[in-house]
Amino acid sequence: VPLVMNIYYLKNVRQLGLPLPGWRMGERMEAQIGERIWGVQTFERDGQTPVTIYFMPQEYYRMQPQVEWTDLQGSQRWKTDSHQTLSFAVPGKYRAEVKANFFLARRDQTYALVQWYAWHQGGSSDPADWFWADQQAQLRGQRVPWVAVCLKIPIDPFSDLNSHRALAKSLAQTVQATLDREVFSK
């Protein structure tokens, strides 16, 4: 099995955070969620409530995406509904196509959540999609490193999830493009 060549950059995402163009980085920390360490980072933009982003990068070349969403949801004790797919493309040299989970989560507040496994030139909330992309890469002697991403956007408890789709999509595109540029292409 080939090694993941940019594992150092993957680990930096969790430890150092990820600067997002157009957003100010707020608090940054690491948190034990389930058996894994996640990077947790807040971002702010003028006039908006801060958004929280959870990052859990691949740490070892044999590590595969599997139960990250269950661990995160269990640790946060969210009640979820309105599950949808949020598909988006990231323009650039390589057009990244991503299919993410998009849903409401409630606990003490209401949030619009977007979750996916990001990898170079793509991403999906389904670990099987990563598996097949990685299998194809291994035939070329390469690997497909990944980062589990969860965007948590605070919203009004009585608002409709679809009214937050544009912000969720824009932020997810920014995160994917930044990962492609700052992590996956190194």
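**View 1. Strand β6 helps cover the buried residues of helix α3.** Part of what covers the buried residues of α3 is β6, residues 110-119. Before going on, note that this is a predicted model, where local features need pLDDT of at least 70, side-chain atom pairs count only at pLDDT 80 or more, and totals for chains, interfaces and linings use all residues. Residues are numbered from 1 along each chain as its sequence is written, and side-chain values use heavy atoms, with hydrogens and water left out. Helices (H or I, at least four residues) and strands (E, at least two) are DSSP runs, numbered from the N terminus.

**View 2. Here are the two sides of α3, residues 127-139.** Trp130, Asp134 and Ala137 are buried, meaning under 20% relative accessible area, while exposed means over 50% and partly exposed falls in between (1.4 Å probe, protein chains only). The buried trio covers an arc of only 60° around the axis, so they sit on the same side of α3; the arc is that of the directions from the helix axis to the C-beta atoms. Turn to the other side of α3 and you find Trp132, Gln136 and Leu139 exposed.

**View 3. Now for the length and ends of α3.** At 1.5 Å a residue, its 13 residues should span 18 Å, and the end C-alpha atoms are 19 Å apart, which agrees. That expected span is 1.5 Å times one less than the number of residues. At the N-terminal end, Asp126 acts as the cap, with a side-chain oxygen 2.9 Å from the backbone nitrogen of Ala128. Just after α3 comes Gly141, with a positive phi of about 75°.

**View 4. Ser124 sits in strand β7, residues 122-124.** Ser124 has 3% relative accessibility, so it counts as buried. Leaving out residues up to four places away in sequence, Ser124 touches Val98, Lys99, Trp116, Tyr117, Trp119 and Asp129; touching here means heavy atoms within 4.5 Å. Ser124 and Lys99 are 25 residues apart in sequence, yet 4.7 Å apart in space, C-alpha to C-alpha. A polar atom of the Ser124 side chain also lies 3.0 Å from the backbone nitrogen of Asp126.

**View 5. α3 gives the most to the lining of the largest pocket.** Its share is three residues, out of a lining of 21 residues. Nearest the pocket's centre are His120, Ala137, Arg143, Val144 and Pro145. A pocket is an open set of points on a 1 Å grid over the protein atoms alone, where a 1.4 Å probe fits, with protein on both sides within 12 Å along at least five of seven lines; lining residues have an atom within 4 Å of a point.

Methods:
A polar contact is a pair of N or O atoms within 3.5 Å; within protein, one must be able to donate a hydrogen and the other to accept it, and residues adjacent in sequence count only if both atoms are side-chain atoms.
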